[in-house]
Amino acid sequence: MTVRRRVAVTVAALAAAGLLAGCGEDSWTANCESADQVVQCTPENRPLVDGVTGELLDGADYDLAGDRGKVVVVNFWGSWCAPCRAEADDLESTYQATKDKNVTFVGVNARDERDAAINFERGRVTYPSIFDPDAKLAVKFDPTQASTPSTLILDRQGRIAVAIRRATTAGELQPLVERVAAEGNP
């Protein structure tokens with residue numbers, strides 16, 4: 001199956017499941033503040049992300065549980081995505097600026113070929129990415145998440161504190177990451 005065909009099948013499946021654009025009465029976002037496709041939740045309204053594992057682009061295993069206690073920034077991207085190319089430098093600069101605050105980043109590469117994804121990352125970002133060719137992990141992170149690019153900021157307990165449903169910039173992302181990191185440890 002070609003990448004284009006996989007994208008069409010995945011989008012159709014997500015639409016049929018009612019998962020596109022965060023719609024639905026049961027959406028966790030209903031209890032959070034939302035403006036300009038940025039959702040911010042107070043701690044009592046943050047959904048837990050649990051049970052996410054996968055294979056990194058380099059073949060190593062990844063388990064989100066291993067990052068518990070850290071703020072985790074999760075970026076959903078594809079080498080075929082022009083806005084992803086535009087935001088890559090901003091993500092890397094935010095990663096470099098915040099990693100000493102017990103913050104880590106992980107990408108989730110969706111609907112892509114492994115070689116294209118590896119070539120995309122080379123020289124752009126230094127944090128790892130999970131290889132998710134069938135785009136199944138996005139729903140494990142957030143059932144209302146189905147857009148690329150998008151970015152989640154998970155607090156130290158593994159809950160979604162912020163969801164950015166579009167491309168981002170360092171000027172927007174870094175203050176959000178720093179705010180969540182300043183919340184302290186569990």
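Start with the grease: the largest nonpolar core here has 22 residues, and Leu64, Val74, Phe141, Leu152 and Leu154 are the ones touching the most other members. Keep in mind that this is a predicted model. Strand 5, strand 6, helix 4 (137-141), strand 8 (150-154) and strand 9 (160-164) each chip in at least two residues of this core.

**The cores**
- In soluble globular proteins, nonpolar side chains tend to be buried together.
- Who does Leu152 touch, once you leave aside its neighbours within four places in sequence? Its contacts include Val72, Val73, Val74, Phe76, Phe141, Ile160 and Val162, and also Asp142 and Arg165.
- Apart from the largest core lies another one, of 18 residues, with Val73, Val125, Tyr127 and Val162 among them.

**Strand 6, wrapped up on both sides**
- Look at strand 6 (residues 103-110): 8 of its 8 residues are buried, so the rest of the structure largely encloses it.
- One face carries Val103, Phe105, Gly107 and Asn109, the other Thr104, Val106, Val108 and Ala110, and both faces are covered.

**Who pairs with strand 6**
- Strand 5 (residues 71-77) lines up with strand 6 in the parallel sense, over 7 bridges. One spot to find is Asn75, whose bridge partner in strand 6 is Gly107.
- To get from strand 5 to strand 6, the chain goes through helix 2 (residues 82-98), and this β-α-β crossover is right-handed.
- Strand 7 (residues 129-132) also runs parallel to strand 6, joined by 4 bridges. Here Asn109 has Phe131 as its bridge partner.
- From strand 6 the chain passes through helix 3 (residues 114-121) to strand 7, in a right-handed β-α-β crossover.

Notes. Residues are numbered from 1 along each chain as its sequence is written. This is a predicted model: local features need pLDDT of at least 70, side-chain atom pairs count only at pLDDT 80 or more; totals for chains, interfaces and linings use all residues. Side-chain values use heavy atoms; hydrogens and water are left out. Buried means under 20% relative accessible area, exposed over 50%, partly exposed in between (1.4 Å probe, protein chains only). Two strands pair if DSSP finds at least two bridges between them. A crossover is right-handed if, with the strands pointing away from the viewer, the path from the first strand over the helix to the second runs clockwise. A nonpolar core is a set of buried Ala, Val, Leu, Ile, Met, Phe, Trp, Tyr and Cys residues joined through side-chain atoms within 4.5 Å. Contact means heavy atoms within 4.5 Å.
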